[in-house]
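Got your viewer open? Let's walk through this one stop by stop, picking a selection each time and seeing what turns up.

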Amino acid sequence: MQVQQPKYTGLVADLLPNIRIMQAIGHFIFRYITGPILIRKLYSSVTLVLFLFQFVCILINLGANTDEVSELTANTITALFFTHCITKFIYVALNAEGVYRTMGIWNQSNTHPLFAESDARYHSIALSKMRRLLFLVTLTTCMIAVFWTTLTFFGDSTKLWKDKVANETIVVDIPRLMIKSWYPWNSMSGTFYYISLAFQLYYILFSMLQANLSDVLFCSWVLFCCEQLQHLKGIMRPLMELSATLDTYRPNSAALFRSISAGSKSELILNDEMENEKNSNYDMNISAIYSTKADWGAQYRAPTTLQNFNGMNGSNPNGLTKKQELMVRSAIKYWVERHKHVVRLVSAIGDTYGLALLLHMLTSTIMLTLLAYQATKIDGITVFALGVIGYLLYALAQIFLFCIFGNRLIEESSSVMEAAYSCHWYDGSEEAKTFVQIVCQQCQKAMTISGAKFFTVSLDLFASVLGACVTYFMVLVQLK
Amino acid sequence: MESAYKFFGGEVNTKHPTESFFLQLWYLKRLGLWAPETDNKLIQTLYTIWSYFYRWFFLYLYTFTQIMFFTDVEDMMDVAEGFFLLMTQITLLYKVEKFYSNRHRIKACERILRSSLFCPQNEEEDAVIKESMILTFTFGMAFLVPAVITISSWAIMPFFEEKMHLPIAAWYPYSTENPWIFTLTYIYQIYGILMSASFNVSTDTFASSMISHANGQVQRLGIQLKKIGYSDGISNKDMKKDLKALRANYMTRENKIVKVDEQMKEINKKIDALKEKHGENYGEVIRCIVYHENILSFCSEIQDIFKGPIFAQIMASTIIICMTCFLLVNQSSNPGAAASSVSYLLTMVTQILLFCWIGNEVIYSSYRLTEQAYFSNFQSFDKKAAKALILFMQRVSKDINIMAGMIFEVTLSLPSFMGIMKSSYSYFAVLNTVQNK
């Protein structure tokens, strides 16, 4: 018997591939699935235990090799690297409710017949971008894991050990593994070596994927908001033109009531069809947006104008029917409600993921400082050099990923004001002008994601991190 | 945190927000900084005498002995040792005197918090005020606990050294060789330092708690803003129910029907007149604007009273942090002394962090006001109400910054906290280099 797949709507449907992969690699996300939850919980718990075990082994190795400075630095960098992964894993586990809540904010959105086409277009753009991002990040992470494994098989598999008795540094052999780690078994050779190798490969791949995919989830949310803002900006001009038909005479007002979106290529719907449409679907769309009479009642000073709809209406120079007028007034309401919806989603994203970003930045700052120190010791294209550069690029790329999306959100949200201003508001009705004024006032403050109120996620943050890194490197090179 | 609050005897009743100051007021009343509310002249005079005596004996005399210590210092280490506590003391003197001279204004601010305008009207607002109250208590504890740990470690330290010497570096006109005199002086020192810590905790956390309550009020304003325009179409029955609930709020206050106070009555009268003339929405927007004005004047009053002390504290803390780090690095390895230095460092950092953190919260809450005004049902407003809303949004687009300082002003926020830490570190680095030369 085939179980009916539940239909997911809204953000969940768009992000389903991301969620599925996250569930597959062991994140503690147990909604949006069919089937027994217990097995999944078991799987996630086992993954958590294995990861913590490996992390503790790395820490034990760190503790056991504190005498030699270069070993200490290298081990600390490795430990910090995997701190990211553990932190993100535990953070998502503890904050799963926040994730569900954020997803739930956009499970249904309002629609308007005039703007449905633009909505669908930007939605599909967002969807394709999100898929592309997911694919790229997953591919890059897998490639990094492969690169790391390959690099292990080059160069000497040794470590420096400070012999306390002779008070000198000697070179000691260690197992040829990706991460320098202590194991309760002897992993120098034999079956245990292969077990350790396989375990480390699993660990590296899965923990990097975990950390990166939760960042991708965050970036996808932000991407979705940006595309919604693009949609809103796109329909601003048709909105103004529509509202202008209420007050000023427009020769082509009939054409406006065709399916309007900026640059659309869809079929034109004749004005007569619109007028004769009496199906409940159409009415329901409107009534879903408008529920109280008071919404447009305030506009009219003389109540008699409401009753008279035969032919040329005194207050309407274009002879719009009642239905058309209703559509125009509902258009502004659609715009405002959609914008409020986006604002709500952005604040939910900030609340859910802000703390994770703060923790990420704290770990990264320390790691980058240590990497700058290690970088001063590079003296040629060796395995060491490649390793250090690899770590550096990876850390910077992670920060760059969420900074660039945060920055795009800031830019998009502040450009709404410019779009509102540039859309010939002077042609619009009085109601539209007030609406533009309030929107401009609100959009002067860009929508930002803040890392638990400590910093704003933007390219400025990335620039300051990069700048600090370079400064430390320069200073340390001077000190040598 | 809430359970700890209740454990210490606090009442989480959002109609009495100033009850959250119980920790601070307990100290302030006993230290002579919070006169009782009586008309009895005798009690007032007695209280004034008590406060003067207390301050003179335990603060001024105490600090004097510490200053005299500098008459025979030898090297940088001695200076650092004497200095790091002296800085706190001198700043404390300034803060306490400012608090005492401003005590009437501070009491007025506390009364403002109890006014009807600042009283939460429904559950959502209750939650916000409750948060402020618990935060007030948390600040007190967050500062008190490290302070107590530091003082106890200083008190115990002399017992672990070969030659017993007084924990605080100070000069006395008599010799402290005699064990009895030594014990008495020791007790005086420890009690003095306990008193100084109490003064510090109560005055500082009073300031930051006031700011935290201001933060709660800003959030309350946001909640009210979001609701404007959505009450259209409420039937008479609903309105009556709301009014009844409103009256019920006041009925539970000491089981008497306490009316709204004069200020609120005036405001209500004005708003009702406006609603008659220009419409329901206009009246509601103006009500929010009036409330915002009151919050702003409260914030600027708090800022005016406390900006000197907070700035002095920040300056002192910067220097103290650098001195303490210096001592930590260069002192002979004495784990007891190191531990007490670390806890002193922690206390100092906490002191600045409290101010900067709550200032940051206020900035963020006021930042959100524009957005919350946007969430009102402004599409349904008529032109007058919309214009009023636009003017309001224009005003709130500027965040509420709590500043500290006289000529040179510092905004209390987390970035400025990071700046303070950085400058502390650079002074320490310079000092260390000078020492190691």
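## Chain A, then chain B

Start by selecting chain A and switching on its surface: the accessible area is about 22800 Å², and 63% of that belongs to carbon and sulfur atoms. Keep in mind throughout that this is a predicted model. Switch to a cartoon and chain A shows 17 helices and two strands. Of its 480 residues, 48% count as buried. Contacts in chain A between residues at least 6 apart in sequence are mostly long-range: 78% of them join residues at least 24 apart.

Now select chain B. Here you get 14 helices and two strands, in a chain of 437 residues, of which 52% are buried. For chain B, residues 24 or more positions apart make up 80% of the contacts with a separation of 6 or more. Its accessible surface comes to about 21000 Å², with 63% on carbon and sulfur atoms.

## Where the chains meet

Show both chains together and select the residues in contact across the boundary. You should pick up 26 residues from chain A and 27 residues from chain B. Between them, the two chains bury about 2500 Å², 59% of it on carbon and sulfur atoms. On the chain A side, click Ile438(A), Lys445(A) and Lys453(A): these lose the most area to chain B, together 28% of what that side buries.

Next, turn on polar interactions. Across this interface there are 10 residue pairs in polar contact, counting pairs with both residues at pLDDT 80 or more. Which helices of chain A should you colour here, as each supplying at least two residues of the side that touches chain B? Pick H12 (294-297), H14 (322-375) and H16 (430-443). H14(A) gives the most to that side, with nine residues. Colour the chain A side by residue type and it divides into nine nonpolar, nine polar and eight charged residues.

The interface also has three salt bridges. For a good one to zoom in on, select Lys445(A) and Asp399(B), whose closest N and O atoms are 3.0 Å apart. This pair crosses between chains: Lys445(A) sits in the loop between H16 and helix H17 (459-479) of chain A, while Asp399(B) sits in the loop between helix H13 (383-396) and strand S1 (403-404) of chain B. Are the two partners buried or exposed? Lys445(A) has a relative accessible area of 13%, so it counts as buried, being under 20%. Asp399(B), at 23%, counts as partly exposed.

## More salt bridges

Zoom out and look at the whole model: over all chains, the structure holds 25 salt bridges. Select Glu227(A) and Arg408(A) for one of them, with the closest N and O atoms 3.1 Å apart. The pair links distant parts of the chain, Glu227(A) being in helix H7 (residues 191-234) of chain A and Arg408(A) in helix H15 (residues 383-421) of chain A, 181 residues apart. Glu227(A) is buried, with a relative accessible area of 3%.

Jump to chain B for another: Lys275(B) and Glu284(B) form a salt bridge with closest N and O atoms 2.6 Å apart. Then go back to chain A and select Lys129(A), Glu227(A), Lys233(A), Arg408(A) and Glu412(A) together, as salt bridges that share partners join these residues into one network.

## Two buried polar residues in chain B

Select Thr150(B), in helix H6 (residues 123-156) of chain B. Its relative accessibility is 2%, which is why it counts as buried. What lies 2.6 Å from a polar atom of the side chain of Thr150(B)? Show the backbone and you'll find the oxygen of Pro146(B) at that distance. Setting aside residues up to four places away in sequence, Thr150(B) touches Ser340(B), Ser343(B), Tyr344(B) and Thr347(B).

For the last stop, select Gln189(B), in helix H7 (residues 179-227) of chain B. Gln189(B) counts as buried too, at 1% relative accessibility. Which residues surround Gln189(B), leaving aside its neighbours within four places in sequence? Show its contacts and you get Tyr62(B), Leu166(B), Pro167(B), Ile168(B), Ala170(B) and Tyr172(B).

Technical notes:
Residues are numbered from 1 along each chain as its sequence is written. Chains are lettered from A and ligands numbered from 1 in the order in which they are written. This is a predicted model: local features need pLDDT of at least 70, side-chain atom pairs count only at pLDDT 80 or more; totals for chains, interfaces and linings use all residues. Side-chain values use heavy atoms; hydrogens and water are left out. Helices (H or I, at least four residues) and strands (E, at least two) are DSSP runs, numbered from the N terminus. Buried means under 20% relative accessible area, exposed over 50%, partly exposed in between (1.4 Å probe, protein chains only). Contact means heavy atoms within 4.5 Å. Accessible areas come from the Shrake-Rupley method with a 1.4 Å probe; for residues, only the protein chains shown count as cover. Buried area is the accessible area (1.4 Å probe) that two parts lose on being put together, summed over both. A salt bridge is a side-chain nitrogen of Lys or Arg within 4 Å of a carboxyl oxygen of Asp or Glu. A polar contact is a pair of N or O atoms within 3.5 Å; within protein, one must be able to donate a hydrogen and the other to accept it, and residues adjacent in sequence count only if both atoms are side-chain atoms. Ala, Val, Leu, Ile, Met, Phe, Trp, Tyr, Cys and Pro count as nonpolar, Asp, Glu, Lys and Arg as charged, and the others, Gly among them, as polar.
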